Amino acid sequence: MSTSLKRLLATSAKSSASKQQFNVFDREVKRIQRSRYPATNPEQSRRADYLKDEVALRTIERLAFITRDLTRVLDFGSHSGNFLKVLCQETKIPESGDEVELEIAKQLEKDKESVKSRIKEITMVDSSKSSLERDISESFNTKFEGKIIRNVADEETFDHECLQQPDQYDAVISNLSMHWINDLPQALAQINRVLKPDGVFMGTIFGGDTLYELRTSLQLAELERLGGMSPRLSPLVDLKDVGSLLNRAGFAMLTIDAEDIVVGGFPDITAVCEDLQCMGEQNAVHSRPALLPRDVLLAANEIYRSLHGEKDDKGNVTLPATFNVISMIGWKKSDNQPQPLARGSGQVNFKDVLGEN
């Protein structure tokens with residue numbers, strides 16, 4: 001073998017190794033984690049859907065402001081079809097609710113009908129077959145008059161036929177799924193590719209402050225008991241980075257915001273971890289430790305209670321869990337989109353507006 005060929009192979013090996021270092025998450029482990037409860041205990045899996053259902057509802061409220069047709073929609077990382085389920089469920093109007101609550105419920109029902117009437121076909125894509133098909137026989141499927149397609153595919157590779165053709169979807173939505181993708185810039189670029197010109201991407205992703213109570217409690221407990229810290233929770237995207245990610249992927253007219261959803265009432269840290277397991281949101285980092293020692297867990301529980309515990313009317317201390325949800329909207333570039341005016345073409349002087357001399 002020639003020296004130049006050896007050098008080329010060595011360079012190629014180093015390049016491959018360096019690329020693999022960027023794979024923070026074990027995708028196969030994550031697929032198994034997300035499949036476990038939908039396959040073995042569907043009812044318990046459904047009880048842990050409260051966060052996905054709430055975010056799906058907020059996505060529907062945002063979609064209601066878009067007045068154009070949404071003929072073909074891709075639900076990317078669809079889980080068990082939470083978006084479709086919430087879209088087709090009748091909004092419950094509280095019997096004892098006040099006038100404001102009644103108006104909110106009526107408006108939600110109008111938003112659902114508006115969005116549902118404009119979607120003719122919805123394609124769900126998820127890497128977990130068990131999760132994707134968990135609710136395939138539920139009644140909400142029959143309440144949607146359009147076509148429903150379910151495809152099992154890895155959200156990272158985009159190798160399924162439903163993701164091959166460019167310019168095919170009027171809208172792509174993705175709720176609480178993309179934070180497990182290793183190459184997020186590439187995934188966003190691929191989403192941009194499959195959108196029609198002037199199509200909309202509407203996504204939600206967990207932000208960096210998610211589960212800060214659990215994160216800090218485990219870190220302090222490990223420092224106390226073991227003298228160091230392990231990657232017990234997944235690294236997450238910061239809000240300030242989302243805009244640049246969407247710009248790099250080719251999106252225009254961006255709208256980005258974040259809000260905290262606080263879930264309270266957990267009796268202890270074990271209950272928090274059990275809900276995360278039912279959601280399929282436990283740690284899937286390649287470098288994750290195998291076990292959590294019992295003494296570390298007990299110490300973390302006491303730290304959690306002392307730092308973040310909430311006392312109810314009866315004096316019982318319960319634990320909250322905060323989920324920081326980043327919402328993003330981006331539009332695929334098109335010649336028909338509104339364009340900014342040329343620099344210096346303004347007709348109004350700010351001094352006149354502000355009343356300054």
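**Exercise 1. Find which residues of helix H10 (residues 239–248) are buried, and work out how they are arranged around the helix.**

Solution. Begin with the list itself: in helix H10, which covers residues 239–248, the buried residues are Val242, Gly243, Leu245 and Leu246. Next, look down the axis of H10, where these buried residues fall within an arc of 165°, so they line one face of the helix. Then turn to the other side of H10, on which Lys240 and Arg248 are exposed. As a further step, ask what lies over the buried residues of H10: the cover includes H8, E5, strand E6 (251–266) and E8. Finally, move past the end of the helix, where H10 is followed by glycine 250, a residue whose phi is positive, near 100°. Keep in mind throughout these exercises that the model is predicted.

**Exercise 2. Determine how many residues of strand E2 (residues 121–126) are buried, and state which strands are joined to E2 by bridges.**

Solution. First take the count, which shows that E2 is mostly covered, since 6 of its 6 residues are buried. Second, separate the two faces of the strand: Glu121, Thr123 and Val125 lie on one side, Ile122, Met124 and Asp126 lie on the other, and all of them are buried, which leaves both faces of E2 covered. Third, consider the partners of the strand, beginning with strand E1 (residues 72–76), which runs parallel to E2 and is joined to it by 5 bridges. In this pairing, arginine 72 stands opposite glutamate 121 of E2. Fourth, consider strand E3 (residues 147–152), which also runs parallel to E2 and is joined to it by 6 bridges. Here methionine 124 has arginine 150 in E3 as its bridge partner.

**Exercise 3. Describe the aromatic pair of phenylalanine 25 and tryptophan 180, and explain which parts of the chain the pair ties together.**

Solution. Start from the total, as the structure holds 4 aromatic pairs. In the pair formed by phenylalanine 25 and tryptophan 180, the rings are 5.2 Å apart centre to centre with 80° between the planes, and this arrangement is edge-to-face, because an angle over 60 degrees counts as such. Now locate the two residues: phenylalanine 25 lies in the loop between helix H1 (3–20) and helix H2 (27–40), while tryptophan 180 lies in the loop between strand E4 (169–175) and helix H8 (184–194), so the pair ties together parts that are 155 residues apart in sequence. Then check the exposure of each residue: phenylalanine 25 is buried, with a relative accessible area of 7%, and tryptophan 180 counts as buried at 4% relative accessibility.

**Exercise 4. Work out how the rings of phenylalanine 206 and phenylalanine 323 are placed, and where these residues lie.**

Solution. Take the geometry first: the ring centres of phenylalanine 206 and phenylalanine 323 are 5.7 Å apart and the planes stand at 40°, so the pair is tilted. Next, place the residues, with phenylalanine 206 in strand E5 (residues 195–206) and phenylalanine 323 in strand E8 (residues 317–332), so that the pair ties together parts that are 117 residues apart in sequence. Last, note the exposure, for phenylalanine 206 and phenylalanine 323 are both buried.

**Exercise 5. Place these details within the whole protein chain by stating its secondary structure and its share of buried residues.**

Solution. The secondary structure of the protein chain comes to 13 helices and 8 strands. Of the 357 residues in the chain, 46% are buried.

How values were computed
Residues are numbered from 1 along each chain as its sequence is written. This is a predicted model: local features need pLDDT of at least 70, side-chain atom pairs count only at pLDDT 80 or more; totals for chains, interfaces and linings use all residues. Side-chain values use heavy atoms; hydrogens and water are left out. Rings of Phe, Tyr and Trp (its six-membered ring) pair if their centres lie within 6.5 Å; planes under 30 degrees apart count as stacked, over 60 as edge-to-face and the rest as tilted. Helices (H or I, at least four residues) and strands (E, at least two) are DSSP runs, numbered from the N terminus. Buried means under 20% relative accessible area, exposed over 50%, partly exposed in between (1.4 Å probe, protein chains only). The arc is that of the directions from the helix axis to the C-beta atoms. Contact means heavy atoms within 4.5 Å. Two strands pair if DSSP finds at least two bridges between them.
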